[in-house]
Amino acid sequence: QVQLVESGGGLVQPGESLRLSCAFSGAKFSVYHMEWYRQAPGKQRELVAAITLDNITYYSASEKGRFTISRDNVKKTVDLQMNSLKPEDTAVYYCKAFNVYENTENWGKGTLVTISS
């Protein structure tokens, strides 16, 4: 029932910015923690940022200060603003919704972000 659709990926140069969006549908958005993960070729999928039901945020150390996660409980979206992008940020970025009451999760199909000169 839950559907997640990521958008905003693309090709940018180092130092530039990109904003990813995740559209949520099919369930009550307010009972889900929302998270962004990324996975580069040959690498494990890793958590980038997370935001709780009540807007508490978490960032991986390498992203803190560059990335900002936010949610809009009316639009039922979660965004990831990425600034000062580096080549090592290149990956497929996935949106995840975690239901804190049912302990279930759903994933989007991902959006590719490439940082290259």
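**Figure 1. Phe 24, Phe 29 and Tyr 32 gather into one aromatic cluster.** Rings of Phe, Tyr and Trp (for Trp, the six-membered ring) are paired here if their centres lie within 6.5 Å; planes under 30 degrees apart are called stacked, those over 60 edge-to-face, and the rest tilted. This is a predicted model, in which local features need pLDDT of at least 70 and side-chain atom pairs count only at pLDDT 80 or more, while totals for chains, interfaces and linings use all residues. Residues are numbered from 1 along each chain as its sequence is written, and side-chain values use heavy atoms, with hydrogens and water left out. Look also for Arg 71, which lies over the face of Phe 29, 4.3 Å from the ring centre. A charge is taken to sit over a ring if NZ of Lys or CZ of Arg is within 6 Å of the ring centre and within 35 degrees of the ring normal.

**Figure 2. Tyr 94 has an aromatic partner and an arginine over its face.** Four aromatic pairs occur in the structure. In one of them, Tyr 94 and Trp 107 meet edge-to-face, at 6.4 Å centre to centre and with 80° between the planes. The pair links distant parts of the chain, 13 residues apart: Tyr 94 belongs to strand β9 (residues 91-99) and Trp 107 to strand β10 (residues 104-107). Strands (E, at least two residues) and helices (H or I, at least four) are DSSP runs, numbered from the N terminus. Tyr 94 counts as buried because its relative accessibility is 14%, whereas Trp 107, at 32%, counts as partly exposed. Buried stands for under 20% relative accessible area, exposed for over 50%, and partly exposed for values in between (1.4 Å probe, protein chains only). Arg 45 lies over the face of Tyr 94, at 3.7 Å from the ring centre.

**Figure 3. Strand β9 pairs with β4, β10 and β11.** Two strands are said to pair if DSSP finds at least two bridges between them. Strand β4 (residues 32-39) runs antiparallel to β9 and is joined to it by eight bridges. To place yourself here, start from Tyr 32, whose bridge partner in β9 is Asn 99. Tyr 32 is also part of the aromatic cluster with Phe 24 and Phe 29. Strand β11 (residues 111-115) is antiparallel to β9 too, with three bridges between them, and Tyr 93 stands opposite Thr 111 of β11. How enclosed is β9? Eight of its nine residues are buried, so β9 is largely enclosed by the rest of the structure.

**Figure 4. β9 and β10 form a hairpin.** Four bridges join these antiparallel strands, and Ala 97 stands opposite Asn 106 in β10. Four residues lie between the two strands, and Asn 103, in the turn, has a positive phi of about 60°.

**Figure 5. Asn 55 and Lys 76 are loop residues with positive phi.** Asn 55 has a phi near 70°, a positive value in a residue other than glycine. The loop that holds Asn 55 lies between β5 (46-51) and β6 (57-59), and the residue counts as partly exposed at 46% relative accessibility. Lys 76, also not a glycine, has a positive phi near 60°. Lys 76 is found in the loop between β7 (67-72) and β8 (77-82), and its relative accessible area of 25% makes it partly exposed.

**Figure 6. Ser 25 touches residues at the start of the numbering, among them Gln 1.** Ser 25 is found in strand β3 (residues 18-25) and counts as partly exposed, at 31% relative accessibility. Leaving out residues up to four places away in sequence, Ser 25 touches Gln 1, Val 2 and Gln 3; contact means heavy atoms within 4.5 Å. Where does Gln 13 lie relative to Ser 25? Gln 13 and Ser 25 are twelve residues apart in sequence and 32 Å apart in space, C-alpha to C-alpha.

**Figure 7. The protein chain has eleven strands and zero helices.** With a radius of gyration of 14 Å, close to the 13 Å that the globule rule gives for 117 residues, the chain is as compact as a globular protein of that length. That radius is taken over C-alpha atoms, and the globule rule is 2.2 Å times the number of residues to the power 0.38. Taken along the principal axes, the C-alpha atoms fill a box of roughly 45 × 25 × 25 Å. Of the 117 residues, 41% count as buried.
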